[in-house]
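Dear colleague,

Please find the structure below, together with its sequence. My notes on it follow directly after.

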Amino acid sequence: MAQFTEDEKIMRRLEQRFNKGVVKYRLIEDGDKILIGLSGGKDSLALLELLARRSRILKPKFTVIAVHVGMTNIPYQSDLEYLKGYSEDLGVPFVHYETFFDPSTDTRKSPCFLCSWNRRKALFTVAKEQGCNKIALGHHMDDILETLLMNITFQGAFSTMPPKLVMRKFEMTIIRPMCLVHEADLIEMARIRGFRKQIKDCPYESLSNRSNMKEVLYSLEKMNPEARYSLWKCMTNIQEELLPGMNEHDL
Ligand SMILES: Nc1ncnc2c1ncn2[C@@H]1O[C@H](COP(=O)(O)OP(=O)(O)OP(=O)(O)O)[C@@H](O)[C@H]1O
């Protein structure tokens, strides 16, 4: 029997969870052309490698292309040579797209909101330019669960970032192929692959609600090591009759 090293076991587990998410949520179909959002962080670097590898299998046949969006008004340094080299070594074409936003035009919105809104817009623009029908983002299971907890706590809404979001109006589908991958494994992958750290220099960056929710998720898993699976399952196990009714007749 083959003996795997600890690092090989981590990579196998990660790839299995990645493949499980792709198949379970039917994220990839024959003929897809997928644009990968490559921020330079560990999650999208991992996404690029995993999707590039999967694109070599026979069925479904799909192609990938990577884009890094730069915001010219933010002194946020990205190592473009590294990102381009990393993509091209995997056989994936790399595009660099620059845009900007002006935080003074809409002071009701935070710079972080404006930045991510404009980045999303840029991703759509490049996807259209490149003839892509899907955009893949590097969000993983922890991101999705943290967003669920944030939406419950701050928005009073039971929602999160879904593995697949079909946007008919824009003829575009957002996919999150790492939806079942754990962040702990991605941290290990970054070590194994020696991902170069992105130099973050954003003047607006501060501690967010997301980092607080990371701690909440961590505490829940200390209470119950299976907590993340329960949280995931509860999203498809809505027991309506045991919840407050939607309309007055139920009262
Ligand atoms: N500048 C960018 N250019 C292209 N895609 C991006 C960019 N920033 C973010 N994305 C995409 O959006 C996803 C979520 O972004 P977010 O800012 O939460 O992640 P991150 O912490 O910057 O980096 P990563 O998720 O790659 O570790 C990324 O995984 C990536 O797919």
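Let me begin with the cysteines. Cysteine 112 has a relative accessibility of 45% and therefore counts as partly exposed, since that class lies between 20% and 50%. Cysteine 115, at 14%, falls under the 20% limit and so counts as buried. The structure contains 0 disulfides. Please bear in mind throughout that this is a predicted model.

Next, the ligand site. The ligand is surrounded by 14 residues, and the closest are Gly37, Ser39, Asp43, Ser44 and Val69. By class, this shell is made up of 7 polar, 4 nonpolar and 3 charged residues. Two contacts involve a nitrogen atom of the ligand: a backbone N or O atom of leucine 38 lies 3.3 Å from one, and a polar side-chain atom of arginine 119 lies 3.3 Å from one. An oxygen atom of the ligand is 3.0 Å from a backbone N or O atom of glycine 138. On its own the ligand has 570 Å² of accessible area, of which the protein covers 79%. The elements contributing two or more residues to the shell are α2 (42-54) and β2 (63-71).

The helix α2 deserves a closer description. Of its 13 residues, 11 are buried, so α2 is largely enclosed by the rest of the structure. Among the buried residues are Asp43 and Ser44, both of which also belong to the closest residues around the ligand. The buried set further includes Glu49 and Arg54, as well as Leu45, Leu47 and Leu48. The length of the helix is consistent with expectation: at 1.5 Å a residue, α2 should span 18 Å, and its end C-alpha atoms are indeed 18 Å apart.

Finally, some backbone features. Most residues other than glycine have a negative phi, and most peptide bonds are trans. Against that background, three places may merit your attention.

- Lysine 59 and proline 60 are joined by a cis peptide bond, with omega at about -10 degrees; proline 60 sits in the loop between α2 and β2.
- Arginine 26 is not a glycine, yet has a positive phi of about 45 degrees. Arginine 26 lies in the loop between α1 (6-24) and β1 (33-37) and is exposed, with a relative accessible area of 65%.
- Glutamate 171, likewise not a glycine, has a positive phi of about 50 degrees. Its place is the loop between β5 (164-167) and β6 (172-175), and at 62% relative accessibility glutamate 171 counts as exposed.

With kind regards

Technical notes:
Residues numbered from 1 in each chain as written. Predicted model: local features only at pLDDT ≥ 70, side-chain atom pairs only at ≥ 80, totals over all residues. Heavy atoms only, no water. Near = heavy atom within 4 Å. Polar contact = N/O pair within 3.5 Å; in protein donor to acceptor, adjacent residues only side chain to side chain. Areas by Shrake-Rupley, 256 points an atom, 1.4 Å probe, with all protein chains shown as cover. Helix = DSSP H or I, 4+ residues; strand = E, 2+ residues; numbered from the N terminus. Nonpolar A, V, L, I, M, F, W, Y, C, P; charged D, E, K, R; others polar. Expected span 1.5 Å × (residues − 1). Buried < 20%, exposed > 50% of the residue type's maximum accessible area, 1.4 Å probe, protein only. Disulfide = S-S within 2.5 Å.
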